[in-house]
Amino acid sequence: MAKRVLLPFRDWEQSRFDNGRLYLPRVYVKQLGTMHRVILRVIQESPQYLFELEQIEPSPYQIERHGQRVSFCCNICGSMNTDVTMDIVSNREAASCGTCHSSLRMRSVINALSVELFGEHIQLPAFPDSKNIIGMGLSDWEGYAMRLKNKLSYINTFYHQEPRLDITNIPDDEIGKYDFIISSDVMEHIPYKDLGKAFTNMRRLLKSGGFLLLTVPYKPDGDTDEYYPDLYDFKFITTKEKTFLYNRTVAGVEQIFDNLVFHGGGGFTLEMRMFSESGLLKILDDNGFAGGARIYRDNDEKYGIVWPISWAVPVVARKV
């Protein structure tokens with residue numbers, strides 16, 4: 001049997017039907033308010049075609065800025081980037097710096113960090129050498145992690161490799177140690193039963209007055225959508241063509257899920273939920289970040305920070 005291969009989003013710009021899938025390059029997602037590329041899978045052919053959503057590109061497709069170009073200084077490596085298409089610069093995940101390959105999300109994280117630590121927008125190479133500032137990353141991008149380590153007392157931890165940290169089961173000697181924690185697109189992968197514990201433990205790791213710098217994909221309205229709320233005893237089953245999620249609930253009910261969405265990178269990257277803005281703020285408040293949160297919606301075009309949307313942006317919450 002021939003193996004079905006989904007076309008990478010970047011490799012198609014025209015609508016096409018291929019091997020039971022409809023590829024649409026520009027679809028308005030009302031829930032998000034932005035254009036996206038999507039893949040629909042045929043679930044019925046007669047008496048009429050019916051489709052279900054199989055895959056959606058998480059970053060919006062920049063139709064209104066198509067063709068516009070911009071120059072910017074990367075605030076992570078300090079390199080100047082000239083005449084880059086706005087479609088790339090304003091894509092949340094696209095590598096848009098020609099030197100360090102940072103994306104909009106990565107530059108926005110460092111921008112928020114600089115403001116919270118030093119009170120101003122400065123490039124990471126210009127951070128003062130401040131080994132008295134202690135920080136932790138949860139599977140941070142190495143492009144800024146290595147530079148933070150040179151400037152601050154910073155450690156980048158991982159769930160699946162050394163130096164290890166399971167945010168749902170933290171060591172006692174780490175409690176109250178850190179001035180800041182960066183969690184960039186991690187919390188959407190935590191099983192629902194452990195999610196509150198993960199947020200509580202991030203607060204416990206911080207000193208009084210320390211802050212959590214958080215990014216997750218989230219929508220502007222409504223409630224958080226939990227895709228697998230009953231996960232308890234689960235594992236992945238992989239066949240030649242597909243990966244399934246098998247779960248046995250606390251009550252002993254067996255469940256099997258397909259059409260799973262995995263994000264890139266090592267470790268556990270199954271997408272478990274789509275946060276909403278109000279849901280994200282509530283879980284922060286419910287787990288000890290009661291001092292309010294700052295949402296970094298503002299652009300800074302000179303550093304290549306140009307958000308096409310006002311959500312799914314960095315959020316900072318402090319421990320009071």
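**Neighbours of β9**

Task: find the residue in β10 that is the bridge partner of Tyr178.

Solution: Start at Tyr178 and look across to β10, where its bridge partner is Leu206. Before going on, a word on the model: it's predicted, so local features need pLDDT of at least 70 and side-chain atom pairs count only at pLDDT 80 or more, while totals for chains, interfaces and linings use all residues. Residues are numbered from 1 along each chain as its sequence is written, and side-chain values use heavy atoms, with hydrogens and water left out.

Strands here are DSSP runs of E with at least two residues, helices are runs of H or I with at least four, and both are numbered from the N terminus. Two strands pair if DSSP finds at least two bridges between them. Now count: β9 and β10 run parallel and are joined by 6 bridges. Strand β7 (residues 130-138) also pairs with β9 in the parallel sense, over 3 bridges. There, Gly137 has Ile182 in β9 as its bridge partner.

Task: work out how many of the residues of β9 are buried.

Solution: Get the cut-offs first: buried means under 20% relative accessible area, exposed over 50%, and partly exposed in between (1.4 Å probe, protein chains only). Then go along β9: 7 of the 7 residues are buried, so the strand is largely enclosed by the rest of the structure. For the whole protein, buried residues make up 48% of the 320 residues.

**Aromatic rings**

Task: say how many aromatic pairs a search of the whole structure finds, then sort two of them by geometry.

Solution: Rings of Phe, Tyr and Trp (its six-membered ring) pair if their centres lie within 6.5 Å; planes under 30 degrees apart count as stacked, over 60 as edge-to-face, and the rest as tilted. With that rule, the search turns up 8 aromatic pairs. One of them joins Trp141 and Tyr144, with 6.0 Å centre to centre and 70 degrees between the planes, which makes the pair edge-to-face. Trp141 is partly exposed at a relative accessible area of 23%, whereas Tyr144 is buried at 0%.

Next take Phe180 and Phe211: their ring centres are 6.0 Å apart and their planes sit at 20 degrees, so this pair is stacked. Phe180 belongs to strand β9 (residues 178-184) and Phe211 to strand β10 (residues 206-215), so the pair ties together parts that are 31 residues apart in sequence. Both are buried: Phe180 has a relative accessible area of 0%, and Phe211 has 2%. Finally, add Tyr154, which forms one aromatic cluster with Phe180 and Phe211.

**Helix α2**

Task: check how the reach of helix α2 compares with the expected one.

Solution: The expected span is 1.5 Å times one less than the number of residues. Helix α2 (residues 104-118) has 15 residues and reaches 21 Å from its first C-alpha to its last, close to the 21 Å expected. Then look at its surroundings: 14 of the 15 residues of α2 are buried, so the helix is largely enclosed by the rest of the structure. Just past its end, Gly119 takes a positive phi of about 80 degrees.

**Asn81 and its company**

Task: decide whether Asn81 is buried or exposed, and list what it touches.

Solution: Asn81 sits in strand β6 (residues 80-85). Its relative accessibility is 6%, so it counts as buried. For touching, use contact, meaning heavy atoms within 4.5 Å. Leaving out residues up to four places away in sequence, Asn81 touches Val70, Ser71, Phe72, Cys74, Ser96, Cys97, Gly98 and Thr99. Take Ser96: it is 15 residues along the chain from Asn81, and their C-alpha atoms are separated by 8.5 Å.

**Two open sheets**

Task: name the edge strands of the sheet β13-β14-β15.

Solution: This open sheet has 3 strands with antiparallel pairing. β13 (233-238) and β15 (254-257) each have a single partner strand, so one side of each is left without a neighbour in the sheet. From β13 to strand β14 (residues 243-248) there are 6 bridges, and Phe236 has Leu245 in β14 as its bridge partner.

Task: do the same for the sheet β11-β16-β12.

Solution: Here 3 strands form an open sheet with mixed pairing. The edges are β11 (218-219) and β12 (225-226), each pairing on one side only. β12 runs antiparallel to strand β16 (residues 273-276), with 2 bridges between them. Across from Asp225 stands Met274 in β16.
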